[in-house]
Amino acid sequence: MVLGIIGGIGAGKSLVVNLLQGMTCAYVIDVDQLGHALLLKDSTVYNTLVKTFGQDILDSQNNISRPKLGNIVFSDKDKLLQLNSITHPAIFKTVESLLDNPHRYTIIDAALLIEIGLINLVDKVIGVYADEAIRIDRIMKRNGFSYLEAKKRINNQKTWEDLEKVIDIVVNNNGDINNTKCQLLEIIEVLHET
């Protein structure tokens with residue numbers, strides 16, 4: 001069974017992925033890591049990005065500088081679409097190839113599960129929820145952001161109402177880790193029956 005985990009920044013998505021992996025011995029596909037690997041020198045994606053965005057995205061060792069690339073694409077919507085049209089299909093293809101594994105559960109951990117189209121590869125979508133005030137507090141502590149920076153990060157993502165439309169199972173991560181574990185144990189029980 002393939003599980004997609006979604007949730008906004010600071011909701012506790014990584015915690016839920018780690019707990020689920022420990023409880024089920026699931027195979028986890030970390031899409032962020034895959035995205036980083038696709039940018040490595042001389043890969044097809046690397047060559048296409050350099051051809052598309054030019055030498056300005058490279059650092060002194062000719063590696064793609066994510067901050068430099070980010071400065072270009074996050075200030076121009078068309079360039080962001082161009083970047084996504086290059087990286088998203090490559091990510092999708094890589095994730096698809098990793099689904100053929102011997103584990104009972106495979107977890108796709110992707111902030112952009114919907115945008116990349118990975119939602120089409122999952123059997124169930126688990127949404128991790130936390131109140132905005134809790135999320136802001138977590139982001140400020142974890143990333144050293146100000147209140148306004150944390151709020152801006154949240155506002156730049158899909159709202160919970162948007163995510164809710166595709167979620168099959170909700171984990172409320174407002175409480176402590178034991179509360180989250182209890183919810184996950186119940187979820188696993190239900191999943192085992194399907």
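# A guided tour of the predicted model

Begin by selecting C182: this cysteine has a relative accessibility of 46% and counts as partly exposed. The structure on display is a predicted model.

**First stop: the two cysteines**

Keep C182 selected and display its sulfur atom. Where is the cysteine sulfur closest to that of C182? The closest one belongs to C25, at 19 Å, which is too far for a bond. A search of the whole structure accordingly returns zero disulfides. C25 itself takes part in no disulfide, since the nearest cysteine sulfur, that of C182, lies 19 Å away.

Now move to C25. The residue sits in the loop between α1 (13-24) and β2 (27-30). Is C25 buried or exposed? With a relative accessible area of 58%, C25 is exposed, because the threshold for that class is over 50%. The backbone deserves attention as well. Most residues other than glycine have a negative phi. The phi of C25, in contrast, is positive, near 55 degrees.

**Second stop: another loop with a positive phi**

Select D42 next, in the loop between α2 (31-38) and α3 (44-53). D42 also carries a positive phi although it is not a glycine, with a value near 70 degrees. Its relative accessible area of 59% places D42 among the exposed residues.

**Third stop: the start of α1**

Select K13, which lies in helix α1. K13 has a relative accessible area of 14%; this is under 20%, and therefore the residue counts as buried. Which residues does K13 contact, leaving aside its neighbours within four places in sequence? Display I5, I6 and G7, then D109, A110 and A111, and finally V128: these are the contacts of K13.

**Fourth stop: from T44 into helix α3**

Proceed to T44, a residue of helix α3. T44 is exposed, at 64% relative accessibility. For a distance across the model, select S14 together with T44: the two are 30 residues apart along the chain, and their C-alpha atoms are separated by 29 Å.

**Fifth stop: α3 against α5**

Two packed helices are described by the angle between their axes and the distance between the axes. Select α3 and α5, whose axes cross at roughly 165 degrees and come within 10 Å. At that angle α3 is roughly antiparallel to α5, because angles over 145 degrees fall in that class. The crossing of α3 past α5 is right-handed.

To view the contact, show V45, T48, L49, T52 and F53 on the α3 side, and K79, Q82, L83, I86, T87 and A90 on the α5 side. Colouring these residues by class gives six nonpolar, four polar and one charged.

**Sixth stop: α4 against α5**

Keep α5 on display and add helix α4, residues 66-73. The axes of α4 and α5 are 7 Å apart, and the packing angle is about 130 degrees. The arrangement of α4 relative to α5 is thus oblique. Which residues of α4 meet α5? L69, I72 and V73 do so, facing K77, K79, L80 and L83 of α5. This contact contains five nonpolar residues, two charged residues and no polar ones. K79 and L83 therefore appear in the contact with α3 as well as in that with α4.

**Seventh stop: E96 in α5**

Follow α5, which spans residues 77-98, to E96. E96 is partly exposed, with a relative accessibility of 41%. Add L118 to the selection: this residue is 22 positions away from E96 along the chain, while the C-alpha atoms of the pair are separated by 8.4 Å.

**Last stop: α7 and α8**

Finally, select helix α7 (residues 132-143) with helix α8 (residues 147-155). Their axes lie 9 Å apart, and the helices pack at an angle of about 120 degrees. In consequence α7 is oblique to α8. The handedness of this crossing is right-handed.

Show the side chains of E132, R135, I136, I139 and M140 in α7, then those of Y147, A150, K151 and I154 in α8; these residues make the contact. How many residues of each class does this contact hold? Six are nonpolar and three are charged, with no polar residue.

Note on methods:
Residues numbered from 1 in each chain as written. Predicted model: local features only at pLDDT ≥ 70, side-chain atom pairs only at ≥ 80, totals over all residues. Heavy atoms only, no water. Helix = DSSP H or I, 4+ residues; strand = E, 2+ residues; numbered from the N terminus. Buried < 20%, exposed > 50% of the residue type's maximum accessible area, 1.4 Å probe, protein only. Axes fitted to C-alpha atoms, helices over the stretch in contact; angles between N-to-C directions. Parallel < 35°, antiparallel > 145°, perpendicular 65-115°, else oblique. Left-handed = near helix turned anticlockwise from the far one by under 90°. Contact = heavy atoms within 4.5 Å. Nonpolar A, V, L, I, M, F, W, Y, C, P; charged D, E, K, R; others polar. Disulfide = S-S within 2.5 Å.
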